[in-house]
Amino acid sequence: MNSLSAFPLALSVARAIILPGVLGSATLSIAMWYFWFNFDKSSWASKAFWFLPLYLLLPIGPALYCFFVYLRNADVASVVARLPDRHVRPMREQQF
């Protein structure tokens, strides 16, 4: 049986790589379920459609919901538009 338990350094590296992904996926899943229950004002048919990916497709369902529903929500878009973007400098017109 091949296992990483025979290689403790490789096991530690694998855990260090996988752990942030698991935590991020769990956080995104909880946040999208919270949005789905409390803030999504779309029709019942749309909410029923998104229930299955959120519930059954745990690794990818919340990400799809985030891109196709959450980020396109008018309230979310207005808040994101008001955020100051401190890392981007305004472009200057090129002078010829």
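What share of the contacts in the protein chain with a separation of 6 or more is accounted for by residues 24 or more positions apart? The answer is 47%, and I would like to use that figure as the way into this structure, which, I should say at once, is a predicted model.

Let me begin with the overall layout. The protein chain has four helices and zero strands, and if we read along the sequence the pattern is α-α-α-α. Of the 96 residues in the protein chain, 19% are buried, and I will spend most of my time on where some of those buried residues sit and on what they touch.

The pair I take up first is H1, which covers residues 8–38, and H2, which covers residues 44–56; their axes come within 11 Å and cross at roughly 160°. Because of that angle, H1 is roughly antiparallel to H2, and the crossing of the two helices is left-handed. On the H1 side the contact is made by Met32, Trp33, Trp36 and Phe37, and on the H2 side by Lys47, Trp50, Phe51, Leu54 and Tyr55. Sorted by class, this contact has eight nonpolar residues, one charged residue and no polar ones.

Staying with H2 for a moment, this helix has 13 residues and reaches 19 Å from its first C-alpha to its last, which is close to the 18 Å expected at 1.5 Å a residue. Its buried residues are Lys47, Trp50, Pro53 and Leu54, and the buried residues of H2 pack against H1 and against helix H3, residues 61–70.

That brings me to H3 and to how it meets H1. These two helices pack at an angle of about 45°, with their axes 9 Å apart, and that angle makes H1 oblique to H3, while the crossing, as H1 passes H3, is left-handed. Here Leu28, Ser29, Met32, Phe35 and Trp36 of H1 meet Pro62, Ala63, Tyr65, Cys66, Val69 and Tyr70 of H3; by class, that contact has ten nonpolar residues, one polar residue and no charged ones. Met32 and Trp36, then, are among the H1 residues in contact with H2, and they are also among those that meet H3.

Which residues of H3 are buried? They are Gly61, Pro62, Ala63, Tyr65, Cys66 and Val69, and what covers them includes H1 and H2.

One of these deserves a closer look, namely Pro62, which lies in helix H3 and which, at 1% relative accessibility, counts as buried. Leaving aside residues up to four places away in sequence, Pro62 touches Leu28, Ser29, Met32, Leu54 and Leu57. Among these partners, Leu28, Ser29 and Met32 also appear on the H1 side of the contact with H3, and Leu54 is one of the buried residues of H2. Pro62 also lies 8.6 Å from Ala31, C-alpha to C-alpha, although the two are 31 residues apart in sequence.

My last residue is Asn73, which sits in the loop between H3 and helix H4, residues 74–82. Is Asn73 buried or exposed? It counts as buried, because its relative accessibility is 15%, and the cut-off for that class is under 20%. Again not counting residues up to four places away in sequence, Asn73 touches Phe35 and Phe39, and Phe35 is also one of the H1 residues that meet H3.

Definitions and conventions:
Residues numbered from 1 in each chain as written. Predicted model: local features only at pLDDT ≥ 70, side-chain atom pairs only at ≥ 80, totals over all residues. Heavy atoms only, no water. Axes fitted to C-alpha atoms, helices over the stretch in contact; angles between N-to-C directions. Parallel < 35°, antiparallel > 145°, perpendicular 65-115°, else oblique. Left-handed = near helix turned anticlockwise from the far one by under 90°. Contact = heavy atoms within 4.5 Å. Nonpolar A, V, L, I, M, F, W, Y, C, P; charged D, E, K, R; others polar. Expected span 1.5 Å × (residues − 1). Buried < 20%, exposed > 50% of the residue type's maximum accessible area, 1.4 Å probe, protein only.
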